Amino acid sequence: MSLTIDTGRLLGRLRHLGSIGRDGEGRLCRLAASDADKAGRDALVGWIAAAGLEVAVDRIGNVFGIWRGPAASNLAPVMVGSHIDTVIDAGIYDGCYGVLAGLEVIETLKASGRAPDRPLVVAAFTNEEGVRYAPDMLGSLTYVGGLSLDVALATVGVDGSVLGAELARIGYAGTEAPGFIRPHAYVELHIEQGPVLEKEGVAVGAVESVQGISWQRVTIEGVANHAGTTPMRMRCDAGHAAARVVTFLRDLAAANGFGVATVGCMEFAPNAINVIPARATFTVDLRDPDSARLHALEEGLSGCLAELMRVERVKVRVEPLARFEPVAFDRDIVGHVEAAAARHGLPSRRMTSGAGHDAQMMARICPAAMIFVPSIGGISHNPREHTPEADLVAGANILLEVVQRLAAE
Ligand code: HGY
Ligand code: MN
Ligand code: MN
């Protein structure tokens, strides 16, 4: 008889964690290393400890629950996990589902008496979203050695805070060295956050790759002037220049056919109704599954900015915030996901992730792959984010099976 997870425990914890870190307007907002993040972390650590797992925190604040098993073998462990920090006004599933389902899988195995040959670890990585501190996936990137610990800890947030100081303030400046556990394999269960699985009526995504990501902050300097007295031909309007970038990127991505381009943040200065903007500061998020096309999107942006400097007589400054090439996952693990789905009588399909994930960083140090479950309406990074309970439970049971398979290797 194959094992199954405890549905009530998983769904109850998802709802409870989803209630932690709501702001005055009821919006879910657990930005990395904030008080709200601390409250979420404390709840997770409480569940990990109550499950009888060893709790460990590394120096960039990544949280781990470790079950060495009765054999306490020194074999490399199988690691599962994701993140519990959120975007602003988030849904309750992004990241949290993978962490809590990972813990649920370990608890189920521990209670079953069927101890695997390998230790099992569940991880919750710091600052996966990258909303407060750039880049995104900062905790897992540091964990795998892609970012030096000192640079990571010194990262200044959009609010002027320093990540290392914030981790210390919330009590999550751990002692373990990032990378202290080198997994045998890493598997991340996550909601798709896109429309594909729902549209095709497929229950399981066997994720074989993640698209490349390029984040930049652009500052356009114009000249403040009177909105009423300044003739149009005499303006150096930073706001107008920024608006031209937004529409240029939309047309560029639409023409590219695969890539996506987003301007998610924008600020004008002095930000007054009757003053021509002296400065526009905004972020650019470019993504494409193909490395050369992603580079072409970046080239398109820099060409557009050069043209604006010439035509609009503005100055432009660009600050790179994140740049990750597309990542291919481990084919064997992708195969295990498909086989587990089939054994559960569920259709699956191979796919590329549009979103970034900690798994793309873990793939640098061990075989890694992901499991997706459908997102209703393809909605995510939005309180309307939703996945039916049956899909959440099916995904967790598939993770259970894949973990057992990998732990037996
Ligand atoms: O931006 C992303 O793709 C992820 O949500 N951090
Ligand atoms: Mn996520
Ligand atoms: Mn996210």
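**A bridged pair of manganese ions in a predicted model**

D94 is buried in this predicted model, with a relative accessible area of 7%, a value below the 20% cut-off for buried residues. Its place is in the loop between β3 and α3. D94 coordinates both the manganese ion (ligand 2) and the manganese ion (ligand 3), and the two ions are 3.6 Å apart.

Which protein atoms hold the manganese ion (ligand 2)? Its protein donors are NE2 of H83, OD of D94 and NE2 of H190, at 2.1 to 2.3 Å from the ion. In sequence these donor residues follow the spacing H-x10-D-x95-H. Distant parts of the chain are linked here: H83 lies in the loop between β3 (78-82) and α3 (96-112), while H190 belongs to strand β5 (residues 185-191), and 107 residues separate the pair. Both histidines are buried: H83 has a relative accessible area of 0%, and H190 has 1%.

The manganese ion (ligand 3) takes its protein donors from D94 (OD), E129 (OE, listed twice) and H381 (NE2), which lie 2.1 to 2.5 Å from the ion. The donor residues are spaced D-x34-E-x251-H in sequence. Here too distant parts of the chain are linked, since D94 and H381 are 287 residues apart, with H381 in the loop between β14 (368-373) and α12 (389-407). Is H381 buried, exposed or partly exposed? With a relative accessibility of 43%, H381 counts as partly exposed, whereas D94, at 7%, is buried.

The metal sites sit within a protein chain of twelve helices and 14 strands. Its radius of gyration is 22 Å, close to the 22 Å that the globule rule gives for 409 residues, so the chain is as compact as a globular protein of that length. The C-alpha trace spans about 80 × 45 × 35 Å along its principal axes. Of the 409 residues, 56% count as buried. Among contacts with a separation of 6 or more, 80% are between residues 24 or more positions apart.

The accessible surface of the protein chain comes to about 16,400 Å², and carbon and sulfur atoms account for 54% of it. The chain carries 37 positive and 48 negative charges, whose mean positions are 3 Å apart.

Two loops hold unusual backbone geometry. Most residues other than glycine have a negative phi, and most peptide bonds are trans. In the loop between β4 (120-124) and α4 (138-143), where P135 is placed, the peptide bond joining A134 and P135 is cis, with omega about 5°. M137 is also in the loop between β4 and α4, and this residue has a positive phi of about 55° although it is not a glycine. M137 is buried, its relative accessible area being 0%.

The loop between β9 (266-269) and β10 (279-288) contains P270, and the peptide bond from A269 to P270 is cis, with omega near 5°. N271 is placed in the loop between β9 and β10 as well. What is phi of N271? The angle is near 65°, a positive value in a residue other than glycine. N271 is exposed, with a relative accessible area of 61%, while M137 in the loop between β4 and α4 is buried at 0%.

How values were computed:
Residues are numbered from 1 along each chain as its sequence is written. Chains are lettered from A and ligands numbered from 1 in the order in which they are written. This is a predicted model: local features need pLDDT of at least 70, side-chain atom pairs count only at pLDDT 80 or more; totals for chains, interfaces and linings use all residues. Side-chain values use heavy atoms; hydrogens and water are left out. Donors are N, O and S atoms within 2.8 Å of the metal (3.2 Å for Na, K and Ca); water is not among the atoms, so sites may look incomplete. Helices (H or I, at least four residues) and strands (E, at least two) are DSSP runs, numbered from the N terminus. Buried means under 20% relative accessible area, exposed over 50%, partly exposed in between (1.4 Å probe, protein chains only). The radius of gyration is taken over C-alpha atoms; the globule rule is 2.2 Å times the number of residues to the power 0.38. Contact means heavy atoms within 4.5 Å. Accessible areas come from the Shrake-Rupley method with a 1.4 Å probe; for residues, only the protein chains shown count as cover. Lys and Arg count as positive and Asp and Glu as negative; His and the chain ends are not counted. The place of a charge is taken as NZ of Lys, CZ of Arg, CG of Asp or CD of Glu.
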